[in-house]
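Me: Before I rely on any labels for this model, I would like to see the reasoning behind them. Please take me through it step by step.

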Amino acid sequence: MRAYGFKSNGGPEVLEEIQVPVPRPGPGQVLIEVAYAGVNFAEVQHRRGEFGEPAGPGGYDVPGLEVSGTVAALGAGATAPAVGAQVAAYLPAFGGYAEFAVADTDFVRPVGRLPLAHAAGVPCVYPTAYGVLTDAGRLHRGETVLIHAAAGGVGSAAARIARTLGASRVFGTVGSETKTQLAEELGYDALFVRDAFEDAVLEATEGRGADLVLDPVGGPVRQAGLRVLAPFGRVVAYGDLGRHADWTADVRELWKNNRTVAGYNIGDVARRSPATIGEHLSRALSALASGALASVPPAVVPAADIVEVHRRHEAGRSHGKTVLALAGHRAG
Ligand SMILES: NC(=O)c1ccc[n+]([C@@H]2O[C@H](COP(=O)([O-])OP(=O)(O)OC[C@H]3O[C@@H](n4cnc5c(N)ncnc54)[C@H](OP(=O)(O)O)[C@@H]3O)[C@@H](O)[C@H]2O)c1
């Protein structure tokens, strides 16, 4: 089958079209004929080598954490979804940039009335967005939320979800002044430039600060996030986009100021609480299909454009969600 992978870690140009064997579904898995694959920042990290060296068939790794498509075969013991069902799937072990992928049934859900292209950007992004807001962030109705990397896939999903969960105000930060104009389109009350967000957040909240800060950036941004917390506020750390050295929160500072730092990692949830991912995925697919949850449809690009797509994500030039069309788009 056709896939897009890399055999050495490096820049976007290491990604190439390859031929690899169609994977076989193991016990409790299904084989999916992939229609679309979502693009996530984690796949940039995978390609760069942050998850280790490639070790797949032929020495290649095939990235891709989320797909939509049609169930083509069932592994031993798997009974649903049936062959022919249109589904979305989270793939913690990667492999989504390919014509076929295998997925554990825990992480596969029918797309219902949601178009397949839209559904491809849901299985990793939405469980993460629900997870950082609820499981880690403990969002309460009426609270104020601040979302860093606000225009990215997870950020822009979290903004809309926060609203449906009763957040009263949703602010975000972005890397450039031009992106602040996306606030309305992405569902924010306002977007601030990240370099100067502290004063902007305090001003917008009449000095009270935010109850919940979602932070995939790290370093000085994470430290500043603690400083803009309202009493009993939480910073949820869930990424290190800025590639800053890690730092240790001063526990005395936390309890003296009624602040909390929480962490979230979907890979750990997949291993230790897989049902949580299935629940969030079902909830997201049905809320998006019914319109209860709004979202901007993803940009659909041919899979052959993967190098340019990775370049855009790595440079922070993306906004919203991009999905790769695997069916009917051949490179060359
Ligand atoms: N822990 C978990 O379980 C989990 C799960 C999913 C995703 N994540 C993390 O969530 C983050 C966002 O993922 P995503 O897939 O939503 O990303 P994405 O769609 O590629 O968007 C990333 C956005 O981050 C912003 N950004 C901030 N600092 C950046 C930097 N130094 N380099 C590049 N972009 C930067 C960029 O816009 P601006 O600079 O304009 O803000 C960019 O638009 C990543 O760190 C990812 O690893 C974590």
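Reply: In this predicted model, the shell around the ligand has, by class, twelve polar, nine nonpolar and three charged residues. Of the 24 residues around the ligand, Gly175, Lys179, Arg194, Ile266 and His313 come nearest.

Me: How do you know that arginine 194 makes a polar contact with the ligand?

Reply: An N or O atom in the side chain of arginine 194 is 2.7 Å from an oxygen atom of the ligand, and because a polar contact is a pair of N or O atoms within 3.5 Å, this pair qualifies. The backbone also takes part, since a backbone N or O atom of valine 154 lies 2.8 Å from a ligand oxygen, and a polar backbone atom of serine 318 is 3.1 Å from an oxygen atom of the ligand.

Me: How much of the ligand does the protein bury, and which elements give two or more residues to the shell?

Reply: The ligand taken alone exposes 910 Å², of which the protein buries 90%, and the elements giving two or more residues to the shell are helix 1 (41-48), helix 4 (153-164) and helix 11 (306-314).

Me: Why is helix 3 called roughly perpendicular to helix 10?

Reply: Helix 3 (residues 125-136) and helix 10 (residues 274-290) pack at an angle of about 110°, with their axes 9 Å apart. Because angles of 65 to 115 degrees count as roughly perpendicular, helix 3 earns that description relative to helix 10. Their contact includes Tyr126 and Tyr130 of helix 3 and His280 and Leu281 of helix 10, and by class it has seven nonpolar, four polar and two charged residues.

Definitions and conventions. Residues are numbered from 1 along each chain as its sequence is written. This is a predicted model: local features need pLDDT of at least 70, side-chain atom pairs count only at pLDDT 80 or more; totals for chains, interfaces and linings use all residues. Side-chain values use heavy atoms; hydrogens and water are left out. Axes are lines fitted to C-alpha atoms, for helices over the stretch in contact, and angles run from 0 to 180 degrees between N-to-C directions. Helices (H or I, at least four residues) and strands (E, at least two) are DSSP runs, numbered from the N terminus. Angles under 35 degrees count as roughly parallel, over 145 as roughly antiparallel, 65 to 115 as roughly perpendicular and the rest as oblique. Contact means heavy atoms within 4.5 Å. Ala, Val, Leu, Ile, Met, Phe, Trp, Tyr, Cys and Pro count as nonpolar, Asp, Glu, Lys and Arg as charged, and the others, Gly among them, as polar. A residue is near a molecule or strand if one of its heavy atoms lies within 4 Å of it. A polar contact is a pair of N or O atoms within 3.5 Å; within protein, one must be able to donate a hydrogen and the other to accept it, and residues adjacent in sequence count only if both atoms are side-chain atoms. Accessible areas come from the Shrake-Rupley method with a 1.4 Å probe; for residues, only the protein chains shown count as cover.
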